[in-house]
Amino acid sequence: MTGHGSSWPSRVAVIGAGTMGVGISHVFASSGIRTVLVDATPALSEAARSRAIELLSRLEHGGNVDGGTTATAEQHLSAAPSIADAVDGADLVIEAVLERPDVKLAVYAEIEPAAGDAVIATNTSSIPITELAAGLKSPHRFLGVHWFVPPLLVPCVEVIRTPSTDERVVDLVVEALTRLGKTPVVVGDGPGFVANRIQFAMFREAARIVEEGIAGPEQVDEVVRSSFGFRLPFFGPFTIADMAGLDVYADIYETLERGLGPGFSAPAVLQEHVDRGEFGVKTGRGFLELSEAQADELIERRNRAYVALSSLRRELEA
């Protein structure tokens, strides 16, 4: 891990040139960082580079990225004929191959001997990082960096450490992602991490609602995007719960449990707050601790945000 500081990474290798690999390459190459894409064959690698530039050009022509972004990426993005060639001299190697542990471990066996002391990261969206790290000879330089489609436009990157990951590696990756304009969030390890565990729980219930005939896919989508989904650009689930009232949440869980079973019982952490009389914004303490002035400011910010989003939606949907 040489060359630490504001210049790190000076060279990035992205292994696997599907949707995610190409998207991740956009982030680095468009920021002027030498980036190498590699896929299963030299021909696929070259095709992926061409596709990456074409997709970025469409974004630029649509006004979705700054002018000149494509030219910068084209200058800094190359294709490699093999994994060994791609990782040679790289500071950071990002694996974005199939979501199968056996495939990923086979790729790591090619990366490690050729990657020097580079940081190695996986873009897995669900496989525990500790499980993958067990197959590496140098697990201290390995971690998860879970990006979201499209990586260039979605801010969040989940950064997942394992007990073996060197803390300096985590700090280095977080600092680099922040400089690139991303929002890195360091989370614990586990299947699906944070985003997909929540996202897939929501989808499971959405699918069950359709299966039960309560609503169709179109109705579910409209309810979600115009209700709690409308709030999510500004506030996470705990802030939303505090504003609604944790006592109200507990009452709703009671109804849900009665009708849908113990899988919908109130979470213990919620019930503990309610038992202590901590109902959220209206009592000054819930999952958040807010003074009266801070609570008033939060509500005012919420109101401004929702009015602005309503206006933006009307503009975009016109």
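Where is the place of P9? In this predicted model, P9 sits in the segment before β1, which spans residues 11–15. The peptide bond leading from W8 to P9 is cis, and its omega is near -5 degrees. A cis peptide bond also joins V149 and P150, with omega of about -15 degrees. P150 belongs to the loop between β6 (142–146) and β7, and β7 itself covers 156–160. A further backbone feature concerns F193, for which phi is near 55 degrees, a positive value in a residue other than glycine. F193 is placed in the loop between β8 and α8.

Helix packing was examined for three pairs. Helices α1 and α2 have axes 10 Å apart and pack at an angle of about 65 degrees. The crossing in which α1 passes α2 is right-handed. On the α1 side the contact involves V22, S25 and H26, and these meet A48, R51, A52, L55 and L56 of α2. Sorted by class, this contact of α1 with α2 holds five nonpolar residues, two polar residues and one charged residue.

Helix α2 (residues 42–61) also packs against helix α3 (residues 69–76); the two axes come within 9 Å and cross at roughly 165 degrees. Because of this angle, α2 is roughly antiparallel to α3. The crossing of α2 and α3 is right-handed. From α2, the residues R49, I53, L56, S57 and E60 take part, and their partners in α3 are T69, T70, A73 and E74. The residues of this contact divide into three nonpolar, three polar and three charged. L56 of α2 thus appears in the contact with α3 and also in the contact with α1.

For α11 and α12, the axes come within 6 Å and cross at roughly 100 degrees. The crossing angle therefore makes α11 roughly perpendicular to α12. In α11 the contact is made by I240, A241, D242 and A244, and in α12 by L246, V248 and Y249. By class, the residues of the contact of α11 with α12 comprise six nonpolar, no polar and one charged.

The search for enclosed space gave one cavity of 30 Å³ or more. The volume of the largest cavity is about 60 Å³. Its lining consists of F28, L92, I94, A121, V145, W147, V173, A176, L177 and L180. Two elements, β4 (92–95) and α7 (167–179), give two or more residues to this lining. The largest share, three residues, comes from α7. By class, the lining of the largest cavity has 10 nonpolar residues, with no polar and no charged ones.

Among the open sites, the largest pocket contains about 2400 Å³ of space. It is lined by 48 residues, and those closest to its centre are I198, A201, M202, F228 and P237. The elements that each give two or more residues to the lining are the strands β7 (156–160) and β8 (183–187), together with the helices α8 (195–211), α9 (217–226), α10 (228–231), α11 (237–244), α12 (246–260) and α13 (268–275). The largest share of the lining, 12 residues, is supplied by α8. Its class composition is 34 nonpolar, seven polar and seven charged residues. Helices α11 and α12, described above as a roughly perpendicular pair, are both among the elements lining this pocket.

The second largest pocket holds about 430 Å³ of space. Of the 26 residues in its lining, I15, G16, A96, V97 and L98 lie nearest the centre. Helices α1 (19–29) and α5 (101–114) each supply at least two residues of this lining. The largest share, four residues, comes from α5. The lining of the second largest pocket is made up of 14 nonpolar, eight polar and four charged residues. Helix α1 therefore has two roles in this description, since α1 contributes to the lining of the second largest pocket and packs against α2.

Methods:
Residues are numbered from 1 along each chain as its sequence is written. This is a predicted model: local features need pLDDT of at least 70, side-chain atom pairs count only at pLDDT 80 or more; totals for chains, interfaces and linings use all residues. Side-chain values use heavy atoms; hydrogens and water are left out. Axes are lines fitted to C-alpha atoms, for helices over the stretch in contact, and angles run from 0 to 180 degrees between N-to-C directions. Angles under 35 degrees count as roughly parallel, over 145 as roughly antiparallel, 65 to 115 as roughly perpendicular and the rest as oblique. A crossing is left-handed if the near helix is turned anticlockwise from the far one by less than a right angle, and right-handed if clockwise. Contact means heavy atoms within 4.5 Å. Ala, Val, Leu, Ile, Met, Phe, Trp, Tyr, Cys and Pro count as nonpolar, Asp, Glu, Lys and Arg as charged, and the others, Gly among them, as polar. On a 1 Å grid over the protein atoms alone, a cavity is a set of points where a 1.4 Å probe fits but cannot get out, and a pocket is an open set with protein on both sides within 12 Å along at least five of seven lines; lining residues have an atom within 4 Å of a point. Grid points are joined across faces, edges and corners, and a volume is the space filled by probe spheres set on the points.
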